[in-house]
Each structure stands twice: as structure tokens, then as C-alpha cells.
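Dear colleague,

Please find below the structure that I am handing over to you, together with its sequence. My findings follow beneath it.

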Amino acid sequence: MGGLLTELGKRLAERWMTLLVLPGALFLAAAFAARTLGHAHALDVGLLVREAQAWRPAPGAGAGTRLAVLLLVVALLAAAVGLVAQMLGSLVERLWYAADWESWPRPARALARWRVARRRRRRAGAVAAYEGARRRAGELLAAGTPGSRVDLRPARLAVARVSPEEPHRPTWSGDRMHAVALRLDRDLDLHLATVWPALWQLLPDAPRQQLETARDALDRATTLAAWAVLYAALAVWWWPALPVAAATYVTAGLRIRGGTESYAALVEATVHVYAAELAERLHIPVTGLLGRRTGWEITCVLQGNRHLIDLTAQQPQ
């Protein structure tokens, strides 16, 4: 037990340092530079070094203790800034995926509605181009024209770059996550938000670990976007913070997009692989492929509406 607690403490300390203290310390260093240099001496490294040396404890008795206290205070401040970034990351995630954009305040809601309409027009154009390419491919194939094979992959990718399904969110990442729920509802009549907690309970360790890893990557990416916001705030006093914020934001955007694709694919695959097992655990008969009837029955049972299944079973065929 002692060894387990020791190992757990090491891991917690490692995560505390990696996720909170180190990023927070970098931000504190940038804030110190912003306070010291300002716009007028933005790149004056010598001035920054002289100011930093002024914070060094004077030599003599107790210098080591004062240095240790200073380092502890810096570590606590860095951790506090890291916690602020974590909280701001949750807000960034909510805005980025925009699942509840229709309940936002009016100006933000109007902007989100404009974005959704614009993305729908773009997708409609990409779908029309894809359908046109398919028609041309069919005509060439029917005519038996030599070398008539038309590569449809660029047209398909153009559609996917806008949204995998009809856009309902102002961002690609929001639509990518929403597409999972849309497809499961359309193909299996299965409500993902209702089914997922029960499905999670029966997952083996390997797929559960994969999902947790993908979710952690998304959390880190949204937190990185929050750091970009904090660095952008420093640009008011120190302009070099602006390119740092821009680079951080671009990196965060790429990571959020890639992480969303991985997490959404894992969630959808998990439902398809383990939904039949969930049905058996709920004593719902499954014959052959999982279909809309089974998906609907799973949703009814988990929503506490088993009586609806009994009612449809009593109806004459």
C-alpha cells in the first residue's frame, strides 16, 4: 500500500508540474518581461537581466532560505495561473464546440447563426460539385471511354473539409462531434447522450484507455488555446507577446481539429462495436445486425420508457 501511494504521489506531482507549474512559470516570465520592458524596450535583454538580478536574495545568513521561499512563491503563483488557464480552457471548449449556441446572448447568437448559414452554403456547393463529378464519372463509364476513371476523392474531401454532415454548429469541430450523434440517430435510432454513460460502464480497459487518452489530448488542446488568450492580453503592455499568442493559437487550433477527429471516430466506433453487448445486458434481443429497432429499444430502456416497447409489441402486426 505504501508503494502504491508513493507511486500515485509521484504521478500527481508530475502532472501538477507538467500541466500547471511549468506553463504557469513560462507565463509569469513573459509577464515579468512585459512589466519590465514594455513597448519601448521590448527586446532589451540586458535590461531584463539586470532587473531579474535585482530580485536575487542578497548574500549572507538566510540567503538560501529566502531563495527557497521565493521559488515556492513563484511555484504557487505559476500553479494559480495554470488553474486559471484550465478554467479558461473549459470556456474555450464550450465556445469552440458551440453545442448550445442557440442560447447564447443575442450578438453572439447572431454571429453563430451567420456562421452556420455560411457553412451550409459552402457545403451545399461542395456537395453539388461532388454530385457533378459522380455524374461525369458515370457518363464516361457508360460510354466506355478509355481512361475514363474520374478520381472522386478530391470532391469528397472538399465536402468533409466543410462538415461531415449538414452543418448545425458554427465550427468544423462542433459539427464533427455533432455528426456522430446525427448518424447514430439516423442509422440506429439511438440517442448518444442517453446511451453513452451505460455503454461506458461495460467497456474493457483498452478501449476505455484509448478514449480517455483522446479526451485528455482535447483538454490539453483547448487549454493551449486559453494560454493563447492570456498571452494576447500581455500584448497590451509588451508587443512580442502577440506573435507568441498567435503561434500558440494556431498550434491549439490544429491540435483541437486533429483531436476532435480522433475522439469522434473513437466514440462512433465504440458505439457500433459494443451497442449489441449493451443490448444483451439490458435483455433486449439482437438478431443479426444491430438495427433501428434495437437502437430505439436501448434508448427507451435507458430513458425509463420500457413501457413504449411493451406497447409496440402488443400492437397487431
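The notes that follow concern the nonpolar cores, one helix and one loop residue.

Please bear in mind that this is a predicted model. Its largest nonpolar core holds 36 residues, of which Leu192, Trp196, Leu199, Val267, Val271, Leu278 and Ile298 touch the most other members. Two or more residues are given to this core by each of α3 (63-97), α6 (172-188), α7 (192-201), α8 (205-234), α9 (241-281) and α10 (292-302). The largest share, ten residues, is that of α9. Leaving aside residues up to four places away in sequence, Val267 is in contact with Val180, Leu192, Trp196 and Leu211. Another core lies apart from this one; it has 16 residues, including Ala34, Ala42, Val81 and Trp227.

Helix α6 also deserves a description. With 17 residues at 1.5 Å a residue, α6 should span 24 Å, and this agrees with its end C-alpha atoms, which are 24 Å apart. The helix nevertheless has a kink of about 25°, centred on His178. His178 is itself buried, as are other residues of α6, among them Trp172, Asp175, Arg176, Val180, Arg183 and Leu188. After α6 comes Asp189, with a positive phi near 55°.

Finally, the loop between α9 and α10 contains Leu289. Because its relative accessibility is 79%, and the cut-off for exposed is over 50%, Leu289 counts as exposed. By contrast, nonpolar side chains in soluble globular proteins tend to be buried together. The C-alpha atom of Leu289 is 8.6 Å from that of Ala276, and the two residues are 13 residues apart along the chain.

With kind regards

Key
Residues numbered from 1 in each chain as written. Predicted model: local features only at pLDDT ≥ 70, side-chain atom pairs only at ≥ 80, totals over all residues. Heavy atoms only, no water. Core = buried A, V, L, I, M, F, W, Y, C linked by side-chain atoms within 4.5 Å. Buried < 20%, exposed > 50% of the residue type's maximum accessible area, 1.4 Å probe, protein only. Helix = DSSP H or I, 4+ residues; strand = E, 2+ residues; numbered from the N terminus. Contact = heavy atoms within 4.5 Å. Expected span 1.5 Å × (residues − 1). Bend = angle between axes of the 7 residues up to and from the residue.
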